[in-house]
Amino acid sequence: MAGVPREQWTSKRGFVLAAIGSAVGLGNMWRFSYLAAENGGAAFVFLYLLATLVVGLPVLLAELVLGRGSQKSPIQALAHYGGQRWKPLGLLFVVTGLLILSYYAVIAGWAVRYGLAAITSGFDPDAAAHFAEVASGADAFAFHVVFMALTIFVVVGGVSRGIERTSMVLMPLLFALVVGLALYAATLSGASAGYAYYLAPDFSKLLSLNVLKDATGQAFFSLSLGMGALLTFASYLGRDVNLPRAAGIIAGADIAIAFIAGLVVFPLIFALDLSADVGASTVGALFITLPKAFAEMGGVGRGIGILFFAALIVGALTSAISLLEVVVSSAIDNFGWSRRRAGILLGIAITALGAPSAWNTDILGAVDQIANNILLLGGGLALSIFVGWVMAGPIEEVSAGTSGASWFGSWRNLLRYAVPLFLSFVLIYDAIPSTFETILALF
Ligand code: PHE
C-alpha cells in the first residue's frame, strides 16, 4: 500500500502488553500443564526454564531486531536484509501461522464452550465422556467458527485500535484471574501433594532427550517464537524502544504465568485425587480433569471454573490475534490488500483449514506436533542463522534505544553457534523422528 504510512503502537506499554498477550495463551495453561504432568513434573519445568533462557531469549531478541529494523512483515523483512532468496523462509512463517491458528482456534473453541456451559448449566460430572462428545464434530467446529470470528474482529480493527486496545484491557485481567485462582488453589486440602508433584523433580527424566525436545518445543511455542509473530509486532515499533529490556519483560511474564498456572492446575487435580486421569488423554488433560474437579466442588467449583475458563479464553484470544496478524500483515505488505479484506478472507480460509482438527482430536494433536517440533524449531534455527550470519548490523539495531552493552556481542555469538547447534541436535535426534511416528500412527 504505497503512500500509506505503516501503523504504529500508541505506547511502549501497549506493545509490551500485546507481545505478552501473544506469548501467554493456551501454551501456558493447556500445553504446559499436560507436558509437565507427562514428563516428570519439575524435571520438565527445569529444562523448560533452561531452554527459555538459553535458546528462547536470544531468538526472541533476534525476532524483535529483525522486525523493528526492517519495519516490515516477515517475508519482506527477510528480503530486506537477505535478498530475494530468503523470501521462502518468510513464506514458511506465514504458513506456520495459518497452520497453528487453524487448530489453536479449535481448542480455544472448546474453552468458549466450557465457559458458556459453566454459566448456563454447570460442569458435567462425567467429564471424560463429555469431552469426547464436545471436542470433535460439528459442535466443535461451530465454536471454532465463533472464536475465529472474534479474532478476525480484533485484527480488522487495526494495530493500535484493535490489537493494542484489546491487550491493554485483557492482559491485566488475565494476570488478576490467574493469580487469584492460584491463591484460591493454595487453600485446597490437596495443594501440597499437587505442589510436590509439580515441583519435586523426577531426576530419571531429566536426562531424557524426549523431555528435552518437549521442553524446547514448549519454550518456542509459549514464547510465540519461530514464525514471525513477535517480528511482526516489533515492525510497528520506533527506534526509541529498548528491545533487550522488552524481550526480558516478555519472557519473564510468559514464564511467570506458566508457572502460576501450574500452581492452579496441580493442587486442583490433587485435591480431588484425579492424578491418574491426567495421563488418559494428552490434548484433553486440562479439559477433562479440571471440569471434573469443578463439578465435584459444587457451587464454588462452578464459580472457580467460570473464572478459569475466562482466563483461558482471554489468553487464547490475545495469542490468536498475533497469529492472524502475521498472515494479515503479510497480505497487506505483499499484495497491497486492505486490512479488512485480508482479515476477513484469510480468516475464513484459516477457519476452513481447521475443519480436520475440529473433526478429529488425533489430527489436531498431530498438527500441533508438526507445527511445534518441526516448524517452530526449524524456523527458530533458520532465524538464528539469519540474524547471526546474514543480517548486516544486528548489533547496531539491538543497541538503538539502549545505552549499549558489552553482552550484545555474546548475543550474536549465541545466535551464530550455540543456538543453531542445540536446535539442530534436538531436531535431528528427536523432534523430526518422533513427529514422523505420530503422523504414521494416524494411518
Ligand atoms: N504463545 C502462544 C501460547 O502460548 C501460542 C503462539 C505460538 C502464538 C506461536 C503465536 C505464535 O498460547
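**Entry 1: Ser222**

I looked up Ser222 and found it buried, because its relative accessibility is 0% and the cut-off for buried is under 20%. The model I am reading is a predicted one. Ser222 belongs to helix 11. I then listed what Ser222 touches, leaving aside neighbours within four places in sequence: Ala23, Val24, Asn28, Tyr48 and Asp254.

**Entry 2: the ligand**

Two of those contacts, Ala23 and Asn28, sent me to the ligand. Which residues come nearest to the ligand? Of the 14 residues around it, they are Ala23, Gly27, Tyr104, Phe221 and Ser224.

Next I went through polar atoms. A nitrogen atom of the ligand sits 3.2 Å from a polar backbone atom of Ser22. An oxygen atom of the ligand is 3.1 Å from a polar backbone atom of Leu26. For Asn28 I noted a polar side-chain atom, 3.4 Å from an oxygen atom of the ligand. I also looked up the cover: on its own the ligand has 320 Å² of accessible area, and the protein covers 100% of that.

**Entry 3: Ser224**

Ser224 is among the residues that come nearest to the ligand, and I checked its backbone. Its phi is positive, about 60°, although Ser224 is not a glycine. I placed Ser224 in the loop between helix 11 (209-222) and helix 12 (229-234). Is Ser224 buried or exposed? Its relative accessibility is 10%, so I wrote it down as buried.

**Entry 4: Gln71**

I noted another positive phi at Gln71, near 55°, again in a residue other than glycine. Gln71 is in the loop between helix 3 and helix 4 (74-82). At 27% relative accessibility I entered Gln71 as partly exposed, because that class runs between 20% and 50%.

**Entry 5: Ser322**

Ser22 had come up at the ligand, and I followed it to Ser322. The side chains of Ser322 and Ser22 are joined by a polar contact of 2.8 Å. Where is Ser322 found? It is in helix 16 (residues 298-335). The side chain of Ser322 also reaches the backbone oxygen of Ser319, at 2.8 Å. Not counting residues up to four places away in sequence, Ser322 touches Ser22, Ala229 and Phe233. With 2% relative accessibility, Ser322 counts as buried.

**Entry 6: Ala51**

I moved to helix 3, where Ala51 lies. Ala51 is buried, with a relative accessibility of 4%. How many residues separate Ala51 and Gly217 in sequence? The answer is 166, while their C-alpha atoms are 8.9 Å apart in space. I also listed the contacts of Ala51 beyond four places in sequence, and these are Gly56, Ala215, Thr216 and Ala219.

**Entry 7: helix 9**

I took helix 9 (residues 191-199) and asked which of its residues are buried. I found Ala191, Gly194 and Tyr198. Seen down the axis of helix 9, these buried residues fall within an arc of 65°, so they line one face of the helix. What do the buried residues of helix 9 pack against? I wrote down helix 2 (26-38), helix 3 (42-70), helix 8 (159-186) and helix 13 (243-271).

**Entry 8: aromatic rings**

Last, I looked at rings. A pair of aromatic rings is described by the distance of the centres and the angle of the planes. The count for this model comes to 29 aromatic pairs. One of them is formed by Tyr197 and Phe266, with 5.8 Å centre to centre and 45° between the planes. I recorded this pair as tilted, because 45° falls between the limits of 30 and 60 degrees.

Why does the pair tie together separate parts of the sequence? Tyr197 lies in helix 9 and Phe266 in helix 13, so the parts it joins are 69 residues apart in sequence. The two residues have their own accessibility entries: Tyr197 is partly exposed at 34%, whereas Phe266 is buried at 1%.

I then noted one aromatic cluster that holds both, made up of Phe32, Phe44, Tyr48, Tyr197, Tyr198, Phe259, Phe266 and Phe270. Tyr198 is one of the buried residues of helix 9 from the entry before. Tyr48 takes me back to the start, where it was listed as a contact of Ser222.

Terms used. Residues numbered from 1 in each chain as written. Predicted model: local features only at pLDDT ≥ 70, side-chain atom pairs only at ≥ 80, totals over all residues. Heavy atoms only, no water. Buried < 20%, exposed > 50% of the residue type's maximum accessible area, 1.4 Å probe, protein only. Helix = DSSP H or I, 4+ residues; strand = E, 2+ residues; numbered from the N terminus. Arc of directions from axis to C-beta. Contact = heavy atoms within 4.5 Å. Near = heavy atom within 4 Å. Polar contact = N/O pair within 3.5 Å; in protein donor to acceptor, adjacent residues only side chain to side chain. Areas by Shrake-Rupley, 256 points an atom, 1.4 Å probe, with all protein chains shown as cover. Phe/Tyr/Trp six-rings, centres within 6.5 Å; stacked < 30°, edge-to-face > 60°.
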